[in-house]
Structures are given as C-alpha cells and as structure tokens.
Amino acid sequence: MAAVAQEEAVEAASVEEENGNEETNEGEAAESATANTKLYFGNLPYLCDSAQLAGIIQECASPELVEVLYHRDTGKSRGFAFVTMSSIEDCRKVIEILDGSEYGGRTLRVNFSDKPKPKEPLYPETDYKLFVGNLAWAVTSESLTQAFQEYGNVIGARVLYDGETGRSRGYGFVCYDTKAEMDTALQALNGVELEGRVMRVSLAQGKKQ
C-alpha cells in the first residue's frame, strides 16, 4: 500500500508541475498590451478564490484585475491565477514579497506572465529522497522540514495536498544532501510521533528521472 501511495504521490506532483507550466505558457499568449504588468500566480491553495487572492495582494499593492482560473467541467480552481497590476513597480513589489511565501499550506510562485520561469520541480529534489506517510493534517512543508533537518541538510521537503479539498493528503517527501543524512533520518524518525501522529518513513519509490 505504501508503495502505491508513493507512486500516486509522485504522479500527482508530476501532473501539478506539468499543469503549472502549461498555464504559464498560456500566459505568454495573453493580451500583449497588458502582459508587462500581468503576473502569474502558481501553486495557489485550491480553496483560494479571486477575492481572497486580491486581499493578499492588497497588502503589497492594489491589483486592477484578479482572475483565478477554474476547470470548465468541475468548477474547481486549477490552482493558478493571472493578476493585472497598474505598474511595473507594483509587479516587482508583489513578486518580491509574495513569491516563495507560504499561504494555505502552499508555497506561492509569482512571476511575470510574459516571462515564465523555466520548468522546475515544485521543490528541490535529490537522489536521497524519503517518503513520509501517516502525517498529521496540521503538518506543513515547513514543519516537516523542521522535523527532518535535525538529522541533516534538508534540500527540499513537501507535504502533498488534495486538489479538490485543499487538505493535506497525509504524506509528503523529504530530500537530503547526502545518503548518510537520509539513512540517519530514516532510522531516527520512522515510527516517531509528529503533531500527534506516528510517521511512517521509508525510501521513496518511483522517483522521477
């Protein structure tokens, strides 16, 4: 069962990455007249609507137009949005403050829609990767990192979230800099309680090439 869950998790992460980059490319073809003040917001919590996103941006600068995109068939958020600002300066301010920030348990990705970032993983990966199952619902990517960094240099850690509900799926991945660190963490943390639940830690299977 754990192996199946890992494969599903890897596949889900892959789909999210592909979708995010597909939509970024769509941004390139968006209205050229406003492209220079148009921002792409990726990795949004699926429960975040345009009004909520506008409220977040409002703390940095005033957005002119906020468009969270939804699936036509299901009406569910696709996890990304386009935001038109009034000036390049406002765009840069929003990117500086919000890109890489945590919101709703997810790390926001913000950049100019006409200059999408090159394809990259949603979090840094290495060959020394652990699968962490049976996570408490309250555990975030940040608290997962904190728990595992006591045993080595964590290059990347990520809790996966359900696309429809926005809730944690109860598992995630942690990548270390070296095999020795990974092995130490595996021995030390498998069966250890984190935020009220006993974690199941194992070597990650089905790692993407």
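**Entry: F131 and its rings**

I looked up F131 and Y171, and both are buried (under 20% relative accessible area; exposed is over 50%, partly exposed in between; 1.4 Å probe, protein chains only). The model is predicted, so I note its limits: local features need pLDDT of at least 70, side-chain atom pairs need 80 or more, while totals for chains, interfaces and linings use all residues. Numbering runs from 1 along each chain as its sequence is written, and side-chain values use heavy atoms, without hydrogens or water.

I went on to the aromatic pairs; the count is five. F131 and Y171 make a tilted pair, because their ring centres are 5.7 Å apart and their planes stand at 35° (centres of Phe, Tyr or six-membered Trp rings within 6.5 Å; planes under 30 degrees apart are stacked, over 60 edge-to-face, the rest tilted). F131 sits in strand β7 and Y171 in strand β9, so this pair ties parts 40 residues apart in sequence (strands are DSSP E runs of at least two residues, helices H or I runs of at least four, numbered from the N terminus).

What is the geometry of F131 with F173? The centres lie 5.6 Å apart and the planes make 65°, so I log this pair as edge-to-face. F173 lies in β9 and F131 in β7, so the pair links parts 42 residues apart in sequence. F131 and F173 are both buried.

**Entry: K129**

I then took K129, which is in strand β7, residues 128-133. Is K129 buried or exposed? At a relative accessible area of 7%, K129 is buried. Its charged end sits over the ring of F173, 4.5 Å from the ring centre (NZ of Lys or CZ of Arg within 6 Å of the centre and within 35 degrees of the ring normal). So F173 turns up twice in my notes: with the F131 ring and with the K129 charge.

**Entry: the sheet that holds β7**

I traced an open sheet of four strands, in the order β8-β9-β7-β12, with antiparallel pairing (two strands pair if DSSP finds at least two bridges between them). Strands β8 (154-161) and β12 (200-203) are the edges, and each pairs on one side only. Neighbouring strands are turned by 20° against each other on average, direction ignored (axes are lines fitted to C-alpha atoms, for helices over the stretch in contact; angles run from 0 to 180 degrees between N-to-C directions).

I looked closer at β7 and β12: they pair in the antiparallel sense over four bridges. The bridge partner of G133 in β12 is R200.

Which helix packs on the sheet and touches β8? Helix α5 (residues 141-148) does; it touches β7, β8, β9 (168-176) and β12, and its direction makes about 140° with that of β8 (contact is heavy atoms within 4.5 Å). Helix α6 (residues 179-189) lies across β7, β9 and β12, at about 20° to β7.

**Entry: the sheet that holds β1**

I found another open sheet of four strands, with order β2-β3-β1-β6 and antiparallel pairing. Strands β2 (63-70) and β6 (109-112) each have a single partner strand, so one side of each is left without a neighbour in the sheet. The average turn between neighbouring strands here is 20°, direction ignored.

How many bridges join β2 and β3? I read six, in the antiparallel sense, with β3 at residues 77-85. E67 stands opposite F82 in β3. Helix α3 (residues 50-58) packs on this sheet, touching β1 (38-42), β2 and β3, with its direction at about 140° to that of β2. Helix α4 lies across β1, β3 and β6, running at about 155° to β6.

I also checked rings here. Ring pairs link Y40, F80 and F82 into a cluster. K38 lies over the face of F82, at 5.4 Å from the ring centre.

**Entry: E89**

I placed E89 in helix α4, residues 88-98. E89 counts as exposed, because its relative accessibility is 55%. From E89 to A61 I get 9.5 Å, C-alpha to C-alpha, across 28 residues of sequence.

**Entry: positive phi**

Most residues other than glycine have a negative phi. I looked for exceptions. N134 has a positive phi of about 60° and is not a glycine. N134 lies in the loop between β7 and α5. It is partly exposed, at 21% relative accessible area.

E195 is also on my list, with phi near 50°. Where does E195 lie? I find E195 in the loop between β10 (193-194) and β11 (197-198). E195 is partly exposed, at 45% relative accessibility.
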